[in-house]
Amino acid sequence: MVEPILTIVVPCYNEEDVLSETVNQLNEVLNNLIEEKLIAGQSKILFVDDGSKDKTWSIIYKESLKNNRVHGLKLARNVGHQNALLAGLVAGKTSSDCVVSIDADLQDDVNVIREFILKFKEGFDIVYGVRGKRDTDHVLKRTTAEAFYTMMQKLDVNLIYNHADYRLMSKRAIGELEKFEEVNLFLRGIVPLIGFPSTSVYYDRKERFAGETKYPLKKMLSFAFEGITSFSVTPIRFVLLVGFLSFFTSLLFGSYFITLKFIGETETGWTSLITSIWLIGGLQLIAIGLIGEYIGKIYKESKRRPKYIVDIDTYNLTQQLTERD
Ligand code: UDP
Ligand code: MG
């Protein structure tokens with residue numbers, strides 16, 4: 001078998017503190033794999049700058065001048081981790097047989113890439129990196145992440161437990177991924193839907209090498225909410241169920257009070273009245289809010305806006321390079 005060409009895609013948002021080290025480590029991995037004849041010499045690393053406000057792009061640019069295996073894709077503005085990743089996968093696919101996506105912060109063990117390649121050579125189109133231990137993650141992050149994965153499983157969303165976006169995808173798998181036209185991108189949910197032969201590789205997650213997480217609690221919660229509402233209509237069904245329940249309960253109470261009146265024992269006071277008004281009002285607001293969430297999604301999807309816009313691409317050399325920032 002001829003060695004496959006690999007591209008490692010790294011989405012970066014304000015990662016100036018860690019980037020040089022990331023380049024070094026990934027470059028070493030790439031060189032070793034090429035030396036071992038596991039991958040072809042044309043293999044590359046592609047950094048996607050997701051509209052960073054710091055020196056991220058100039059670091060990528062300088063590294064690409066020093067090392068012809070390092071390339072950069074500069075997005076015109078910040079479009080978020082998922083869209084930036086997609087931009088990298090789509091660009092990477094054009095000149096490679098498989099693409100590995102990894103975060104810039106070196107939390108995911110770069111040595112696992114070797115195992116990804118071995119699995120790819122066995123014939124798997126998708127190889128998921130699964131976090132075995134998460135001791136190094138903050139307690140809050142760990143518990144919220146675990147709650148998230150459990151909930152997604154309960155909602156019947158096909159997710160790989162404890163897998164984030166560290167994975168290998170073959171060229172043809174990315175080709176299929178491109179056919180998913182949704183704007184609310186949640187790759188962890190979409191990739192398993194492709195259905196090509198897939199397997200998992202386990203590793204331990206480390207601490208961020210440098211810099212801060214780009215997913216503070218607020219962003220994390222909104223990401224989880226996106227994931228749920230993009231992949232499951234169970235919450236909306238649940239609201240319907242609660243609606244029915246409260247409707248029948250109120251019928252029951254209603255008939256009870258009417259019966260009391262006929263017996264001559266009228267229930268006095270307005271407490272019960274107010275309570276039920278608040279209860280029903282609250283339920284209605286929740287229901288409307290949730291329906292609004294889904295309608296909002298339809299609204300966004302219907303616009304079919306581009307998910308990202310490429311500014312500079314050193315990978316496919318479509319543009320003359322100029323150093324900026
Ligand atoms: N990232 C990005 N765009 C964003 C936010 C994050 O490209 O708007 C990148 C970030 O640079 C990193 C990866 O996505 O490479 C994951 O982010 P981070 O490590 O901060 O998330 P965590 O590991 O804390 O969940
Ligand atoms: Mg991280």
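This report describes the nonpolar core, a central strand pairing and the ligand surroundings of a predicted model.

The largest nonpolar core comprises 58 residues. Within this core, Ile8, Val10, Leu46, Val48 and Phe116 have the most contacts. Helix α3, spanning residues 81-93, contributes the largest share of the core, namely six residues. In soluble globular proteins, nonpolar side chains tend to be buried together.

The surroundings of Leu46 can be listed in detail. Apart from neighbours within four places in sequence, Leu46 is in contact with Thr7, Ile8 and Val9, with His71 and Leu73, with Gly88, Ala91 and Gly92, and with Tyr315.

Strand β4, residues 98-101, is covered on both faces. Cys98 and Val100 are buried on one side, and Val99 and Ser101 are buried on the other. The strand pairs with β1 and with β6 (residues 163-170), as the table sets out.

| Strand pair | Sense | Bridges | Bridge partners, including |
|---|---|---|---|
| β1 and β4 | parallel | four bridges | Ile8 and Val100 |
| β4 and β6 | antiparallel | four bridges | Ser101 and Arg167 |

Ile8 thus appears in two settings: among the residues with the most contacts inside the core, and as the bridge partner of Val100 in β4.

Ligand 1 is surrounded by 16 residues, of which the closest are Pro11, Tyr13, Ala104, Thr213 and Lys214. By type, the shell divides into six nonpolar, five polar and five charged residues. Strand β1 (6-12) and helix α3 each supply at least two residues of this shell. Helix α3 also provides six residues of the largest nonpolar core.

Definitions and conventions
Residues are numbered from 1 along each chain as its sequence is written. Chains are lettered from A and ligands numbered from 1 in the order in which they are written. This is a predicted model: local features need pLDDT of at least 70, side-chain atom pairs count only at pLDDT 80 or more; totals for chains, interfaces and linings use all residues. A nonpolar core is a set of buried Ala, Val, Leu, Ile, Met, Phe, Trp, Tyr and Cys residues joined through C-beta atoms within 7 Å. A residue is buried if 20 or more other C-beta atoms lie within 10 Å of its own, exposed if 12 or fewer, and partly exposed in between; C-beta atoms are placed from the backbone. Two residues are in contact if their C-beta atoms, placed from the backbone, lie within 7 Å. A residue is near a molecule or strand if its C-beta atom, placed from the backbone, lies within 6 Å of it. Ala, Val, Leu, Ile, Met, Phe, Trp, Tyr, Cys and Pro count as nonpolar, Asp, Glu, Lys and Arg as charged, and the others, Gly among them, as polar. Two strands pair if DSSP finds at least two bridges between them.
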